[in-house]
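Colleague: Got a minute to walk me through a structure? I'd like to ask some quick questions.

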Amino acid sequence: MSTILERVQEFLTAHELNAHPHGDGEALVVPMTLTHCRCSVVFHHASGADELVVMAMHPAVVPPERREAVAEFFTRLNWNLTGNRFLLDWQDGEVRLRRDVDVLAVPGTEQIGTWFYSACLLVDGFFPALMNVVCRGMNPAPALEQGEADYQKLLPREE
């Protein structure tokens, strides 16, 4: 396991999150139960690479007849995102959130926490709107408005 993934493991352990190694130790997978859905957050770092990939594997699989609408929804959603992006595999309908991070040095646990929690919040906050597009045929524009409102409700409130 790379030094970067060891730091990720340190963060996860400190927050009582159970990660499972994947492959030959090039990834850690954390199953998460969120407010609206379950997902797996994956930290992938090949030893010696300058990039850490943080992905939240979405539980939804988009049927072929709804992929065009979901692609529009994600295009609208991704326009305002910084760092993260929602992806749709056109072949099998798999959905994920992905963030690629340059890691020239081992990141601090605070930075790892930011990447981890932003992935969880984005997947969880936009899940109901995505399901409305997939299952109820909702138009992507109003679905985005709904998703933004749902996402805002999950953000911590400063007192």
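Colleague: Cys120 first. Buried or exposed?

Modeller: Cys120 is buried, because its relative accessibility is 6%. Keep in mind that this is a predicted model.

Colleague: How many disulfides are there in the whole structure?

Modeller: Zero, after a search of the whole structure. Take Cys39, which is in no disulfide. Its nearest cysteine sulfur belongs to Cys120, 5.2 Å away.

Colleague: Why is there no bond from the sulfur of Cys120 to the one in Cys39?

Modeller: The two sulfurs are 5.2 Å apart, and that is too far for a bond. A disulfide needs the sulfur atoms within 2.5 Å.

Colleague: And what exactly is a disulfide?

Modeller: It is a covalent bond that joins the sulfur atoms of two cysteines.

Colleague: Is Cys39 buried or exposed?

Modeller: Buried. Its relative accessible area is 6%, and the cut-off for buried is under 20%.

Colleague: On to the strands. How do E3 and E4 run, and how many bridges join them?

Modeller: They run antiparallel, with five bridges between them. E3 covers residues 38-44 and E4 covers residues 51-61. Look across from Ser40 and you find Met57 in E4.

Colleague: What sits between the strands in that hairpin?

Modeller: Six residues separate E3 from E4 there. In this hairpin Gly48 takes a positive phi, near 85°.

Colleague: Which way does E4 pair with E6?

Modeller: Antiparallel again: E4 and E6 pair in that sense over eight bridges. E6 spans residues 94-102. For one partner in E6, start from Val54 and you reach Arg99.

Colleague: Where do side chains point in a strand, generally?

Modeller: In a regular strand they alternate between the two faces of the sheet.

Colleague: Where is Ala105?

Modeller: Ala105 is in the loop between E6 and helix H3, and that helix covers 109-136. Ala105 counts as exposed, because its relative accessibility is 54%.

Colleague: How far is Ala105 from Glu94?

Modeller: Their C-alpha atoms are separated by 32 Å. Along the chain, the two residues are eleven apart.

Colleague: Now into H3. What does Asn132 contact?

Modeller: Asn132 is found in helix H3. Setting aside neighbours within four places in sequence, Asn132 is in contact with Gly137, Met138 and Gln146. Asn132 counts as buried, at 12% relative accessibility.

Colleague: Switching to rings. How many aromatic pairs does the whole structure have?

Modeller: Eight, from a search of the whole structure. One of them is Phe86 with Phe126. Their ring centres are 6.4 Å apart and their planes meet at 70°, so the pair is edge-to-face.

Colleague: Which parts does that pair of Phe86 and Phe126 tie together?

Modeller: Phe86 lies in strand E5 (residues 85-88) and Phe126 lies in helix H3, so the pair ties together parts 40 residues apart in sequence. Both Phe86 and Phe126 are buried.

Colleague: How is the pair of Phe126 and Tyr151 arranged?

Modeller: That pair is stacked. Phe126 and Tyr151 are 5.6 Å centre to centre, with 25° between the planes. Tyr151 lies in helix H4 (residues 140-154) and Phe126 in H3, so this pair ties together parts 25 residues apart in sequence. Both Phe126 and Tyr151 are buried.

Colleague: Which residues do ring pairs link into a cluster?

Modeller: Phe73, Phe74, Phe86, Phe126 and Tyr151. Find Phe126 in helix H3 on your screen, then follow the rings from there.

Methods. Residues numbered from 1 in each chain as written. Predicted model: local features only at pLDDT ≥ 70, side-chain atom pairs only at ≥ 80, totals over all residues. Heavy atoms only, no water. Pairing = 2+ DSSP bridges. Helix = DSSP H or I, 4+ residues; strand = E, 2+ residues; numbered from the N terminus. Buried < 20%, exposed > 50% of the residue type's maximum accessible area, 1.4 Å probe, protein only. Contact = heavy atoms within 4.5 Å. Phe/Tyr/Trp six-rings, centres within 6.5 Å; stacked < 30°, edge-to-face > 60°.
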